[in-house]
Amino acid sequence: MQLVFESVGHAYGERAVLSCLNWTATAGAVSVITGPNGSGKTTLLKIASGLLRPASGRVRLVVGNRTLEHGAVRREVGYVAPELGLYDRLTALENLAFLAAVRGQRQSRDQLVLQLQCFQLGGSIHQPAGALSSGMRQRLKLASALLHKPPVLVLDEPTSNLDDEGKVLVRKVVREQAERGIVLFATNEPLEVTEYGPQVLRLHPAGAGAGP
């Protein structure tokens with residue numbers, strides 16, 4: 001399985017953030033994306049997730065003999081990012097049920113509860129999302145992203161706001177996902193770059209580049 005970026009470029013007005021990026025993320029290893037603020041990490045992840053169409057180039061997901069592009073890729077991705085919102089008035093369980101329904105998934109209540117328990121949210125099932133701590137909200141996002149067992153998992157700084165126990169959970173999730181599919185993991189933490197490599201894409205302001 002491969003996620004292939006071919007001459008991908010994007011700009012906001014006259015400000016280019018990605019320029020002619022050619023890169024391939026493969027299953028079996030975590031693909032780390034790093035670079036300073038403004039280098040295009042979040043933009044690249046949104047393009048990879050099918051949430052944003054690149055100004056130039058394309059992204060292809062190759063699974064066996066199938067090749068999927070843009071809209072089709074989006075259905076195969078689990079996405080976790082700081083700007084991904086939850087509904088504060090809905091409980092953790094209601095949020096998970098709603099997000100599943102949006103994706104067209106049919107999940108029983110028992111399946112949803114089990115998913116929350118797997119992400120250490122069993123005691124917060126009926127709590128409004130607005131009452132959850134930042135770390136618990138991050139766990140809920142992870143639970144939602146992985147509910148449909150996507151072949152591609154896209155994580156934008158997933159350990160932010162997590163305690164040590166939460167970081168251990170992320171490490172477990174990432175390793176398990178890498179065994180069965182693709183993981184894109186964006187971080188600016190040097191220790192995480194070292195830990196989660198060896199596939200590392202280093203982005204630079206006003207363009208993009210790859211290196212060790």
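Here are some questions and answers on the salt bridges and nonpolar cores of this predicted model.

Reader: How many salt bridges does the structure hold?
Author: The count takes in pairs such as Arg139 with Asp163 and Glu195 with Arg171. For the structure, the number of salt bridges comes to eight.

Reader: Arg139 and Asp163 meet in a salt bridge, so how many residues apart in sequence are the parts that the pair ties together?
Author: The two side chains come to 3.5 Å, N to O. Arg139 sits in helix H5 (residues 134–145), while Asp163 is in the loop between strand S7 (152–156) and helix H6 (164–180), so the parts tied together are apart in sequence by 24 residues.

Reader: Is Arg139 buried or exposed?
Author: Its partner Asp163 has a relative accessible area of 43%, which makes Asp163 partly exposed. For Arg139 the relative accessibility is 6%, and the cut-off for buried is under 20%. That makes Arg139 buried.

Reader: Which residue forms a salt bridge with Glu195?
Author: The closest N and O atoms of this pair are 2.5 Å apart. Glu195 lies in helix H7 (residues 190–196) and its partner in helix H6, so the bridge ties together parts 24 residues apart in sequence. Both ends are partly exposed, Glu195 at 31% and the partner at 32%. That partner is Arg171.

Reader: Glu176 and Lys172 both lie in helix H6, so by about how much of the helix are they separated?
Author: Their side chains meet in a salt bridge at 2.9 Å, N to O. Glu176 is partly exposed, with a relative accessible area of 35%. The two are four residues apart in H6, so the separation is about one helical turn.

Reader: Which residues do salt bridges that share partners join into one network?
Author: Here the bridges link up through shared partners. The network's members are Glu6, Arg58, Arg60 and Glu69.

Reader: Which element gives the largest share of the largest nonpolar core?
Author: This core has 35 residues, and Val30, Leu116, Leu155, Val174 and Phe185 have the most contacts inside it. Elements giving two or more residues include strand S3 (30–34), helix H3 (92–102) and helix H4 (109–118). The largest share is five residues, and it comes from H6.

Reader: Leaving aside neighbours within four places in sequence, which residues are in contact with Leu116?
Author: Leu116 is one of the residues with the most contacts inside the largest core. With those sequence neighbours set aside, its contacts are Ala92, Leu93, Leu96, Leu121, Gly122, Ile125 and Leu140.

Reader: How many residues are in the second, separate core?
Author: Among its members are Val17, Val59, Leu68 and Leu203. The size of this second core is 28 residues.

Definitions and conventions. Residues are numbered from 1 along each chain as its sequence is written. This is a predicted model: local features need pLDDT of at least 70, side-chain atom pairs count only at pLDDT 80 or more; totals for chains, interfaces and linings use all residues. Side-chain values use heavy atoms; hydrogens and water are left out. A salt bridge is a side-chain nitrogen of Lys or Arg within 4 Å of a carboxyl oxygen of Asp or Glu. Buried means under 20% relative accessible area, exposed over 50%, partly exposed in between (1.4 Å probe, protein chains only). A nonpolar core is a set of buried Ala, Val, Leu, Ile, Met, Phe, Trp, Tyr and Cys residues joined through side-chain atoms within 4.5 Å. Contact means heavy atoms within 4.5 Å.
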